Amino acid sequence: MNDPRLSALLATVPGLRLKTGPADLEYYGRDWTRRWVPAPLAIALPADAGEVQAIVRWANRHRVAIAPSGGRTGLSGGAVAANGELVLSLERMNRVLAFDPIDRSLTVQPGIVLEAVHQAARGHGLLYPVDFAARGSCSIGGNIATNAGGIRVIRYGNTREWVAGLKVVTGAGELLDLNRGLVKNASGYDLRHLFIGSEGTLGIVVEATLRLTDPPPPSNVMLLALPSFEVLMQVFAVFRERLQLEAFEFFTDHALRHVLAHGGQAPFGESHPYYVVAEFAAGDDARQAAALAAFEHCLENGLVSDGVISQSDAQAAQLWRLREGITESLARHRPYKNDVSVRISAMPAFLAEAQSLLAREYPHFEVVWFGHIGDGNLHINVLKPDDVDEAGFVSQCAHVTDLLAATLQRHGGSISAEHGIGLVKKPWLDSARSAAEIEVMRGIRHVLDPLGIMNPGKLFDPPVPPGHA
Ligand code: MLT
Ligand code: ZN
């Protein structure tokens with residue numbers, strides 16, 4: 001603790017838990033992107049909102065950058081601390097503070113893990129519906145900071161829909177109590193929504209009030225084998241029209257092969273080029289019959305070539321593992337991740353163009369496609385061949401991302417659907433947002449964080465001051 005700034009911090013926040021050991025700096029300084037070398041100043045683990053506020057005020061006085069930190073499961077580098085930042089980890093602030101049965105709301109601290117939120121809601125006979133594979137490690141504060149999406153957006157929307165109130169400490173050190181759980185509040189700008197998806201650049205969430213809903217209806221899971229990419233959106237249209245979809249996810253045979261190599265169970269006797277996992281409400285005979293009819297319609301019209309339907313919860317979970325295991329099974333190959341979206345109606349045209357672009361540009365790399373196709377969101381992971389060096393691989397992928405971003409722009413899409421911009425997608429922010437929009441975002445950031453201490457370098461860089469170009 002030789003740094004005088006840290007001595008001043010401990011004098012300001014007596015009893016603050018601070019870590020400075022090399023293993024801690026390494027552990028807390030990175031997220032799942034793995035591309036940057038962690039180099040934080042120290043790790044602060046505040047116990048409550050008061051300590052967070054005191055840390056932010058200290059950071060303003062000493063001009064120390066803060067990298068807010070939750071479960072660090074992000075894939076865009078939003079939680080990376082590679083430039084002497086103080087990592088402000090919210091992992092000790094992980095409690096459920098209140099449940100209100102009338103409001104059907106759960107008030108939690110930001111460091112609570114998503115799965116614990118699910119359990120707490122279930123314990124009250126209700127549902128917190130945002131869900132994805134990192135549920136056991138990601139925190140609700142990080143979900144809010146990235147407006148996390150996941151596998152049930154098609155039915156329930158993104159995190160934004162479920163945040164009824166937020167307490168935040170702004171970059172200037174003010175504590176704001178935003179919307180206070182109100183369902184209706186027409187009293188001016190809804191600042192809560194500015195913080196949702198702001199990637200830690202405006203302030204730090206210190207408390208969130210989440211909306212809960214009815215538990216989901218009993219559901220069933222179907223795995224479909226598809227003969228071609230071209231039929232994908234047609235199968236989606238049939239299933240969406242006839243069933244109440246809870247999820248509709250797709251992956252390629254490449255993706256499946258990686259999951260199987262990690263211990264997944266082959267679903268069919270032979271392989272097929274594309275697969276869909278569909279979950280749908282199936283509580284009664286009529287719904288079951290509708291699902292089978294949808295499947296048969298697709299089979300008769302050559303839209304699917306095979307299918308299995310779960311007969312038990314265990315089998316449903318097994319089918320889901322084939323989709324949810326993809327990210328983990330690819331990690332060893334240090335994939336370059338793309339997380340793109342277009343409007344669902346634009347998907348067929350975009351898919352055709354993106355496919356031929358990537359086939360042309362990546363003749364020697366393995367490209368793995370999967371994602372939340374029912375939301376218009378594709379994950380395109382490019383795997384690094386073992387004999388290609390990391391820097392060369394990333395720069396080649398960045399060149400292709402230029403072309404992909406231009407294609408997305410033509411189709412009105414976005415270079416980041418749900419992972420955020422962070423460090424990874426910063427060079428392409430201007431393909432998804434106009435110059436005027438980015439200027440407004442800069443202005444907002446300046447108002448809430450005038451000295452630029454909150455997660456600097458993420459999302460966009462500050463403008464170059466006049467005379468410094
Ligand atoms: C997923 O949906 O599994 C992740 O968001 C995608 C990824 O790992 O690229
Ligand atoms: Zn995803």
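The unreviewed UniProt entry annotates residues 36-215 as "domain: FAD-binding PCMH-type". In this predicted model, the end C-alpha atoms of that span lie 41 Å apart. Helix makes up 22% of the span and strand 23%.

**S139 and its surroundings**

S139 sits in the loop between α4 (114-123) and α5 (140-146). Its relative accessibility is 4%, so S139 counts as buried. Neighbours within four places in sequence aside, S139 contacts G70, G71, P110, G111, I112, V113 and L114.

**Aromatic pairs and charges over rings**

The whole structure holds 11 aromatic pairs. One of them joins Y156 and W162. Their ring centres are 6.2 Å apart and their planes stand at 65 degrees; edge-to-face requires over 60 degrees, so the pair falls in that class. Y156 and W162 are both buried. W162 also has a charged partner: R211 lies over the face of its ring, 4.5 Å from the ring centre. Elsewhere, the charged end of R445 sits over the ring of F460 at 5.0 Å from the centre. Ring pairs also connect F229, F250, Y274 and W369 into a cluster.

| Charged residue | Ring | Distance to ring centre |
|---|---|---|
| R211 | W162 | 4.5 Å |
| R445 | F460 | 5.0 Å |

**Helix α11**

Helix α11 covers residues 313-324, 12 residues in total. At 1.5 Å a residue, the expected span is 16 Å. The end C-alpha atoms are 16 Å apart, so the model agrees with that expectation. The buried residues of α11 are A316, L319, W320, L322, R323 and E324. Charged side chains are therefore on the buried list: R323 and E324 appear there beside W320.

**The zinc site**

Which residues coordinate the zinc ion (ligand 2)? The donors are H372 through NE2, H379 through NE2 and E418 through OE. Their distances run from 1.9 to 2.2 Å. Along the sequence, the donor spacing reads H-x6-H-x38-E. H372 and E418 link distant parts of the chain, 46 residues apart. H372 belongs to strand β15 (residues 367-372). E418 lies in the loop between α14 (390-410) and α15 (429-432).

Are H372 and E418 buried or exposed? The cut-off for buried is under 20% relative accessible area. H372 has 3% relative accessibility, so H372 counts as buried. E418 has 13%, so E418 counts as buried too.

Conventions: Residues are numbered from 1 along each chain as its sequence is written. Chains are lettered from A and ligands numbered from 1 in the order in which they are written. This is a predicted model: local features need pLDDT of at least 70, side-chain atom pairs count only at pLDDT 80 or more; totals for chains, interfaces and linings use all residues. Side-chain values use heavy atoms; hydrogens and water are left out. Donors are N, O and S atoms within 2.8 Å of the metal (3.2 Å for Na, K and Ca); water is not among the atoms, so sites may look incomplete. Helices (H or I, at least four residues) and strands (E, at least two) are DSSP runs, numbered from the N terminus. Buried means under 20% relative accessible area, exposed over 50%, partly exposed in between (1.4 Å probe, protein chains only). Contact means heavy atoms within 4.5 Å. UniProt positions are given in the numbering used here, feature names are shortened, and annotations may be inferred rather than shown by experiment. The expected span of a helix is 1.5 Å times one less than its number of residues. Rings of Phe, Tyr and Trp (its six-membered ring) pair if their centres lie within 6.5 Å; planes under 30 degrees apart count as stacked, over 60 as edge-to-face and the rest as tilted. A charge sits over a ring if NZ of Lys or CZ of Arg is within 6 Å of the ring centre and within 35 degrees of the ring normal.
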